[in-house]
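Please look first at the sequence and the model below, and then follow the paragraphs that come after, which turn from enclosed spaces to packed side chains.

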2 protein chains.
Amino acid sequence: MFIEISDEQIDAIINGSLSGYRYLQHISLKERSVLMHTIADEIEALDDGLLEIAHTESALPLARLRGEKARTVNQWRSYADAVKTGIYAEARIDKGDGAAKADIRKYNKGIGPVAVFGASNFPFAFSTAGGDTASAIGAGCSVVFKEHPGHPQTSQLMAQAIGRGLEKFGAPASVFSYLQGGSHAIGQSLVRHPVIKAVAFTGSLGAGRSLFDIAALREEPIPVFAEMGSVNPVFVLPQYLKANQTALAAAYVQSLTLGVGQFCTNPGLLFVLKDESLAGFKKELRAAIQTVDDAKMLHWGIMRDYNSAKSKLSMQGGVELLGEGRVSATDTGVAALYSTTGTAFLENKALAAEVFGPTGLLVECDSSAELGKIVESLEGQLTITFAATTEDIRTNTALLDKAQEKCGRILFGGMPTGVEVVYAMQHGGPYPATTDSRFTSVGPDAVKRFLRPVSFQNWPDEFLPLELKDENPLQIERIVDNRRALASDE
Amino acid sequence: MFIEISDEQIDAIINGSLSGYRYLQHISLKERSVLMHTIADEIEALDDGLLEIAHTESALPLARLRGEKARTVNQWRSYADAVKTGIYAEARIDKGDGAAKADIRKYNKGIGPVAVFGASNFPFAFSTAGGDTASAIGAGCSVVFKEHPGHPQTSQLMAQAIGRGLEKFGAPASVFSYLQGGSHAIGQSLVRHPVIKAVAFTGSLGAGRSLFDIAALREEPIPVFAEMGSVNPVFVLPQYLKANQTALAAAYVQSLTLGVGQFCTNPGLLFVLKDESLAGFKKELRAAIQTVDDAKMLHWGIMRDYNSAKSKLSMQGGVELLGEGRVSATDTGVAALYSTTGTAFLENKALAAEVFGPTGLLVECDSSAELGKIVESLEGQLTITFAATTEDIRTNTALLDKAQEKCGRILFGGMPTGVEVVYAMQHGGPYPATTDSRFTSVGPDAVKRFLRPVSFQNWPDEFLPLELKDENPLQIERIVDNRRALASDE
């Protein structure tokens, strides 16, 4: 049975999230951190029934889902630990001189209730109880989550786990609200609602841009953090290729087809210089792609879009099929590799479009200069990878500089799939990879998206937030009178 | 003679700013800081001829302009010193384990060329060489500045000083470009240009919102930091009022009429509870406003808008004139104070509109509950001020909580005019005070607006930016393997 929620119910739920926000503003960073760990415990405690349901809804393998669940728990815990340090409070104190120069103190507080939209390809880590929800609560913001139509039962189990965590901690249910029903109209009402102060989204360019546009057209525009994927170019440089044809072909095809190619960091483009190593490398690539089994994709809509995008790519001028994976059924995603030339790539924007699934395009380039032009022609990317030796890079430093202008993460060797949850991770990039290149959606720094600073001028200590009181009760690092001060220095 | 720039010239100038940006990416934070000090020296060296011209163009008094020039120099110097510490690089290093866990390192780099629009009311501090330009260059971004039509000669002198600073340091002129001609079309072309990656603006709500909308409609949307003023409510609580009627009336009227009321932090609304102190306070306010001399405003357009807004306010139902300042001429801004009731204020949004100039509205409220409703009804503000004793606040803590949701800076006593250039300053606030409440346009933290993070995965030390190299050559604070690490700890 499918129950569509009414407009009045939506409005009541969203209005209610304001009290959840206010509650979070009144507990300390330490308490917020404990709350997040309590929610992590409840997610961790979910049994394999969750994995079975998620597997049924997403077709993702159980082992992968088990890993993703652990990652999700780790996100809550690592963000909780980061929040407790006070790093995101960015407390600054200028004590003034007791006369003309005022006592001014600033810290970051939660921006307000946040709307979160989950991604189909990560039913745990980028959905209901995923990184966006964890980082919004870490910032002191309540969350209103819109159920994901691809995995509603999984979404609900996760929402219930969050609810149990809130209850155990003693927090009101309004800290996390759940909008049932998969329609676009519900999502749009959510983004338009005046109580909502920010939006987090992971999914397609079309859907992400549409939410961005709605938010920008509001009377009060609000920030939208939409992570919309990318083609994640890999540049293969000559010295490296010469010595690593077999290993590189295997690594590339493995990354390209991992999880049926359904990762936003999937390396869809492979650039290589035409030289004596190329023929051998192409042979290795063909051999590697031919060993890839077909597999069910997340849902039929994604498979339809994948086949359509692949077919469109195959019909472009100058594009040839290099090799295809195995086919065992008619309702699966089949891997494929195409090839083209640098000239054709520079002339036809369609060749740079994302094919969401296990299809890649090898681009054979004439010169380093052409590679440079190609980097300049690229749209914003989550990642750019160099398969190169240090000597290769030394002779192509301009390429490295240009690549930095186009992406959020730049790799020397390895493949871009596998996004670690660490402080140093930047999962984001210039548009259209995301709608705001200045933030990450993975790693504790994801919390920064949902904060805004407030300054207190000449307030008596008793009214200041804990972050700014004279005695520094939270023992956090602050900047006091232009100097970084650890608690012990003050 | 007025030379309008051609579209081709605009395009060439903006494209050129990319090489200025790339230059700044290749010098170290220390060098960038020296460059900023060199520019500060050149601004400081400008003689009183600058003040005379600015006075002629803006009608601002020479003493005020002298102070503003010193403030502008101080902005460059304090932002330069902050940049050198590495605080805005936010370097994070996760060293990995040499196997499955990668070595990932992240720092913030300049987002790209920035378009800056100056404000008429601060021809130095918020214009050509003002805080937006200083903070963009501090972030490693080149600047394309659009000449301000209110003070073109002042703008040009300042641009020349920046140019001399760049030349002395040895930086290319493309670090700072200047678009001559005052038309809106030039500004719009600038914001639409694909090379531009962020916009900073100080001015009216209409103009700021229009730039925001243009930027949001781009194929690649870019952030717009528009500071668009506010009405800066002052809440007077009973115990404080009882003991401070004369002093508060004088302080309020002085702040309201300072600089002919042409500050974005001008306190346009004054809320007070109806009690036995009110009659005396109104008498003091009337007496104070009647001693205020009229004065020339920035330019005729601002005076026309001021008179129109004042007249509109005076004609609203339930609004009465409380007192007016002196009149000595027909082309001046004349101070005025009106009064109304809390009920009328809550029923009529027009009473909360900004009147840019020396006019205030006293709102007489029935109860603390009504004050609470009024705070909730307010749009976003740069500042909210409480004229209160500690006892007043203790009995009105809900008011303090609600006020924090509505503004960027909250004051206990004093008046909001006078925005100090310190780390702890938040000059910003929820819309419509600004288009992005998460950032400040005053204080070193203004630099944060123009940065975006880039992660480096598994790169050999020789290719890493200085901020991320093993030996920490810049001796900046970083987070290494989840711990804050000062240079000396690593």
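In this predicted model, the lining of the largest cavity is made up of 18 charged, 14 nonpolar and six polar residues. That cavity has a volume of about 640 Å³, and of the 38 residues that line it, those nearest its centre are A:Glu90, A:Arg92, A:Lys448, B:Glu90 and B:Lys448. Both chains also contribute strands to this lining, for at least two residues come from each of strand 2 (104-110), strand 15 (451-457) and strand 16 (478-480) of chain A, and from each of strand 15 (451-457) and strand 16 (478-480) of chain B.

The second largest cavity holds about 110 Å³ of space, and 17 residues line it, with A:Val231, A:Gly268, A:Glu354, A:Val355 and A:Thr359 closest to its centre. Strand 12 (residues 359-365) of chain A gives the largest share of this lining, namely three residues, while by class the lining contains nine nonpolar, seven polar and one charged residues. In total, the count comes to ten cavities of 30 Å³ or more.

We can now turn from the cavities to the packed side chains. The largest nonpolar core has 232 residues, and among these A:Phe386 and B:Phe386 touch the most other members. If neighbours within four places in sequence are left aside, the contacts of A:Phe386 include A:Phe235, A:Leu237, A:Ile393 and A:Phe412, as well as B:Trp459 from chain B. A second core, separate from the largest one, consists of 48 residues, among them A:Val195, B:Val144, B:Leu190 and B:Val224.

Conventions. Residues numbered from 1 in each chain as written. Chains lettered and ligands numbered in written order. Predicted model: local features only at pLDDT ≥ 70, side-chain atom pairs only at ≥ 80, totals over all residues. Heavy atoms only, no water. 1 Å grid on protein atoms, 1.4 Å probe; cavity = no way out; pocket = protein on both sides within 12 Å on 5 of 7 lines; lining within 4 Å. Points joined across faces, edges and corners; volume = space filled by probe spheres on them. Helix = DSSP H or I, 4+ residues; strand = E, 2+ residues; numbered from the N terminus. Nonpolar A, V, L, I, M, F, W, Y, C, P; charged D, E, K, R; others polar. Core = buried A, V, L, I, M, F, W, Y, C linked by side-chain atoms within 4.5 Å. Buried < 20%, exposed > 50% of the residue type's maximum accessible area, 1.4 Å probe, protein only. Contact = heavy atoms within 4.5 Å.
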